[in-house]
Amino acid sequence: MKSDVGQAEDWPTSTFTLNDAPVEKNLSEHGMVIVGAGHAGARAAEALRKNGWSGKLTIVESEDAMPYERPPLSKAVLSGTNSFEKYPILVDGFFAANGIEHIRDTTALSIDRNSHLIELSNGAELPYHRLLLAPGAEPRRLNVIGSDLGKISFLRSASDANRLASWLQESAKVVIVGGGLIGLEAAASAIARKCDVTVVELANRLMNRAVPEKIALAAKLRHEKEGVCFKLGCAVKEINGVNNVSSLRLSTGEILECDVVLISVGVEPRVSLAQAAGLDIDNGIAVDKYLRTSDVSIYSAGDACSFADEASGERIRLECWKNAEDQAYVVAKNMLGGEQIYSTSPWMWSDQYESTIQIAGFPARGPFITERVCLDGSLLLFHMTETGHIAGVSGFGSLREVGRGVRFGQLMIQRMLTPGVGDLCDYTVDLRSLIVPAVVA
Amino acid sequence: MTDTATWVAACKLNELPKEDVKRWDHGSKSFAVFRTADDRVFVTDDICTHEYAHISDGFVMGTTVECPRHAGCFDFRTGEALNPPACNRLKTYSAKVENGTVFVQIG
């Protein structure tokens with residue numbers, strides 16, 4: 001067991017204020033416990049301190065690393081530009097300086113809800129007053145013969161990224177199974193390392209779940225220009241090799257020779273700990289609008305947390321940076337007795353080559369698409385409802401045009417504006433001018 | 001600030017829309033030149049302190065700029081990082097407007 005813990009007298013308690021959160025001090029010796037030091041867990045630890053919790057705070061993590069940002073793993077880390085240590089979530093020494101015990105390389109094995117105790121893999125028992133489950137998600141496996149051969153990897157953790165990066169030698173034949181965001185970012189990184197890249201995707205289009213079709217098509221063309229080969233509508237039937245992988249057999253009968261395989265076919269929420277403790281599970285660890293599970297002392301946030309979508313009522317999970325970030329702040333307030341309702345404003349990005357994809361809001365709820373082609377060729381799509389409101393905005397192209405366009409789109413969504421279609425599709429009309437009237441009002 | 005620092009002309013004020021930002025390259029460096037809605041001018045480094053992106057491609061609202069890559073926000077008057085993933089301050093420079101030209105003090 002490794003532990004990074006600071007002395008209580010180190011923390012700047014005088015700067016903590018108990019603003020809107022009535023903290024129940026009599027239970028404070030039990031402390032707050034967070035399972036998972038990924039984005040949601042680490043940020044929630046920070047937010048608990050910032051919101052006035054000066055009692056015991058422990059964060060348990062199965063990986064043996066300080067909390068790091070995951071988005072760079074498929075980009076800067078895989079392409080060899082930077083190591084993952086360059087992307088910490090918290091400033092150096094944060095846990096020690098704030099009296100947070102960070103128990104790493106240790107797994108939470110079970111929760112005794114009656115006694116408010118967690119059993120850890122190091123043999124210790126940890127009492128909790130409030131518990132946050134932020135276990136994240138794990139890569140979905142490919143159940144085919146040969147998937148346990150060498151030089152086949154997932155891409156989820158820093159150690160996955162480092163291992164995979166070491167295999168991406170020049171001219172290596174790399175097959176990426178799964179044409180989602182992670183698979184395509186990895187494809188761009190492998191191209192940067194001069195590998196020979198093929199992407200195999202079960203659906204007939206790329207990024208089927210997260211990205212509007214037109215944006216996905218533009219991205220596909222960009223990848224093809226770099227030499228990426230796509231096998232769409234194909235399943236992997238078998239993986240062959242002696243020790244390491246040497247070929248894949250596809251559902252079309254085609255044999256793809258390869259040196260390295262990345263399996264990126266999505267993730268599954270880690271629910272086993274919550275499930276064994278008898279908490280409600282429904283497409284993830286089920287929470288209410290306050291991010292509270294079916295046990296009032298236990299909360300959940302991040303990739304594993306399933307919440308009711310306000311519009312459809314369906315239980316959804318959002319596996320992205322923004323969701324983990326936003327939920328962490330809300331859950332910290334509520335663990336301290338607050339009643340903040342979590343409301344989603346989805347936003348995600350993906351960097352592939354010098355191009356960026358950004359998506360905000362709910363494009364699928366806006367069937368009427370208005371397209372703006374910017375002067376530099378960047379594509380912006382405004383996904384509009386029958387009433388002319390913007391449900392979502394998406395873009396592919398330069399950071400400048402896509403970043404700004406999507407941001408203006410987000411403002412239109414928030415302010416429930418109904419901009420004219422003619423103005424939206426005309427690149428000579430400044431998008432800022434379309435939100436100004438609401439600012440004045 | 002030193003007496004020896006030189007004021008260099010960056011751009012004409014009327015080339016810079018209100019509540020917006022413009023990139024200015026000088027020597028081997030890029031600077032971001034901001035103009036507020038009430039006509040004040042501020043200058044910062046142009047490269048985001050989080051990951052490589054030009055802040056001048058970002059989104060200006062009031063006195064903040066949001067990086068176009070990962071939406072880290074900065075107060076461009078002070079350079080202060082306002083929200084994750086940005087956590088390090090952007091370097092700022094003194095700026096002034098004379099006869100319709102924006103000058104930047106480079107030490």
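User: What is a salt bridge, and which residue meets A:R156 in one?

Analyst: A salt bridge is a side-chain nitrogen of Lys or Arg within 4 Å of a carboxyl oxygen of Asp or Glu. In this predicted model, local features need pLDDT of at least 70, side-chain atom pairs count only at pLDDT 80 or more, and totals for chains, interfaces and linings use all residues. Side-chain values use heavy atoms, with hydrogens and water left out, residues are numbered from 1 along each chain as its sequence is written, and chains are lettered from A and ligands numbered from 1 in the order in which they are written. Here the side chain of A:R156 meets that of A:D303 in a salt bridge, at 2.7 Å from N to O.

User: Where along the chain do A:R156 and A:D303 lie?

Analyst: Helices (H or I, at least four residues) and strands (E, at least two) are DSSP runs, numbered from the N terminus. A:R156 is in the loop between β10 (152–153) and α3 (158–167) of chain A, while A:D303 is in the loop between β20 (298–300) and β21 (305–308) of chain A, so the pair links distant parts of the chain, 147 residues apart.

User: Are A:R156 and A:D303 buried or exposed?

Analyst: Buried means under 20% relative accessible area, exposed over 50%, and partly exposed in between (1.4 Å probe, protein chains only). By that reading, both A:R156 and A:D303 are buried.

User: How many salt bridges does the structure hold over all chains?

Analyst: There are 35 over all chains. Among them is the one between B:R77 and B:D75, whose side chains meet at 2.8 Å, N to O; B:R77 is partly exposed, with a relative accessible area of 38%, whereas B:D75 counts as buried at 8% relative accessibility. Salt bridges can also be read as a network, and one such network links A:R43, A:E46, A:K50 and A:E325.

User: Which side chains are joined to that of A:S350 by a polar contact?

Analyst: A polar contact is a pair of N or O atoms within 3.5 Å; within protein, one must be able to donate a hydrogen and the other to accept it, and residues adjacent in sequence count only if both atoms are side-chain atoms. The side chain of A:S350 is joined in this way to that of A:E185 at 2.6 Å and to that of A:Q352 at 2.9 Å. A:S350 lies in strand β23 (residues 347–352) of chain A and is buried, with a relative accessible area of 0%.
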